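Let's take a walk through this model, going from the overall fold down to single residues. Keep the viewer open as you read.

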Amino acid sequence: MMNVSRRTQLLATGAATVTVVLWASAFVSIRSAGAAYSPGALALGRLLSGALVLGVFLLVRREGLPPRSAWRGIAISGVLWFGFYMVALNWGEQQVDAGTAALVVNVGPILVALLAARLLGDTMPPRLLAGMAVSFAGAVTVGLSMSGGGGSSVLGVVLCLLAAVGYAGGVVAQKPALGHASVLQVTTFGCLVGAVACLPFAGQLVADAADAPLSATLNMVYLGVFPTALAFTTWAYALSRTTASRMGATTYAVPALVVLMSWLALGEVPGLLTLAGGALCLAGVAVSRSRTRSARVVAAAPQPEQTRESA
């Protein structure tokens, strides 16, 4: 029979994989929907769609309000990650090419690791640092290889950098909240807080929706149901079972998957340099999530309590 801790680890890895795949698909959908919806309107429509789905699941499972001790983390992550991050990223991707956006936003995992070490006391093992370095090199390679001709907008670069800061702050704030409330509660109310923060864009959403093609609106709904409602829930599930630094490093796989999805969905054939950068991203994630042989032996060794029970 599979060890309980091993089963938990596999489930967390599976949840993280679902998150990374869906977040990568969001880049393709944002590109499509962003042509018809302004950044704030797109963020609000996405959050409203996600909050509706999450709210239904919350009611079905009969989970009420989170305890008071969890609200600080939920509120901060809702404003920074669900709200600010989505608006800044949507706006930034309208100003710069995909390669530059991927490069700048992927500063986020490094900021997560630094903030988590400072505020949450996360350790920074050598394998995590090495994996992050390899993945960041891959993200830089993907960014440079996908950058088109011409200079990038300074405003776009700043917006993508601000999105990375919002993402990092949201992750670090969410981690403690998961110790006081369920995964579904933290995700649902974080999404609701983000939607409330984006309510000033309600007028733009109504105006854009009236003129937007059906495909753009469907992409906005997809962003809310899958990369938001589902992916943020699987993210919170995995985050509650590992460190913020390690989860942040996992998202380095996103640029590699974006390259593949753009190839399949948009017909954008990647070059050899892009493929090499994607391979580096994935290799870095593998290194950062691995454990040394000695750590595996210690984890597998029976504890004194287990030994006495067996005796």
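Before we start, a word on labels: helices here are DSSP runs of H or I with at least four residues, numbered from the N terminus. By that scheme Ala265 falls in helix α12, which covers residues 253–266. Keep in mind that the model is predicted.

Now zoom out. The chain comes to 15 helices and zero strands. Of its 311 residues, 47% count as buried. If you take the contacts in the chain with a separation of 6 or more, 91% of them are between residues 24 or more positions apart.

Two of the helices make a good pair to look at. Helix α3 runs over residues 68–93, and its 26 residues reach 36 Å from first C-alpha to last, close to the 38 Å expected at 1.5 Å a residue. Look for a kink of about 35° in α3, centred on Phe84. Helix α10 also has 26 residues; at 1.5 Å a residue they should span 38 Å, and the end C-alpha atoms are 35 Å apart, which agrees. There is a kink in α10 too, of about 30° and centred on Ala231.

Next, the aromatics. How many aromatic pairs does the structure hold? There are eleven. One to pick out is Trp23 with Trp235, a tilted pair at 5.1 Å centre to centre and 35° between the planes. Trp23 sits in helix α1 (residues 4–33) and Trp235 in helix α10 (residues 214–239), so this pair ties together parts that are 212 residues apart in sequence. Both Trp23 and Trp235 are buried. They also belong to an aromatic cluster, together with Trp81, Phe82, Tyr85, Tyr167 and Phe232.

Some of those names come back in the largest nonpolar core. That core has 68 residues, and the members touching the most others are Tyr37, Trp81, Tyr85, Val171 and Trp235. Helix α1 gives the most to this core, with twelve residues. Try selecting Val171: setting aside residues up to four places away in sequence, Val171 touches Trp81, Val112, Trp235, Leu239 and Ala244.

Stay with α1 for a moment and find Ala15, which lies in that helix. Is Ala15 buried or exposed? At 8% relative accessibility, it counts as buried, since the cut-off for buried is under 20%. Its C-alpha is 6.5 Å from that of Trp235, although the two are 220 residues apart along the chain. Neighbours within four places aside, Ala15 is in contact with Thr234, Tyr237 and Ala238. Tyr237 has another partner worth a click: the charged end of Arg241 sits over the Tyr237 ring, 3.8 Å from its centre.

Finally, a couple of residues on the outside. Ala265, the α12 residue from the start, is exposed, with a relative accessible area of 54%. Its C-alpha is separated by 9.7 Å from that of Ser25, and these two are 240 residues apart along the chain. Arg62 is in the loop between α2 (39–60) and α3. Check its backbone: phi of Arg62 is near 55°, a positive value in a residue other than glycine. At 77% relative accessibility, Arg62 counts as exposed, because exposed means over 50%.

How values were computed: Residues numbered from 1 in each chain as written. Predicted model: local features only at pLDDT ≥ 70, side-chain atom pairs only at ≥ 80, totals over all residues. Heavy atoms only, no water. Phe/Tyr/Trp six-rings, centres within 6.5 Å; stacked < 30°, edge-to-face > 60°. Helix = DSSP H or I, 4+ residues; strand = E, 2+ residues; numbered from the N terminus. Buried < 20%, exposed > 50% of the residue type's maximum accessible area, 1.4 Å probe, protein only. Lys NZ or Arg CZ within 6 Å of the ring centre and 35° of its normal. Expected span 1.5 Å × (residues − 1). Bend = angle between axes of the 7 residues up to and from the residue. Core = buried A, V, L, I, M, F, W, Y, C linked by side-chain atoms within 4.5 Å. Contact = heavy atoms within 4.5 Å.
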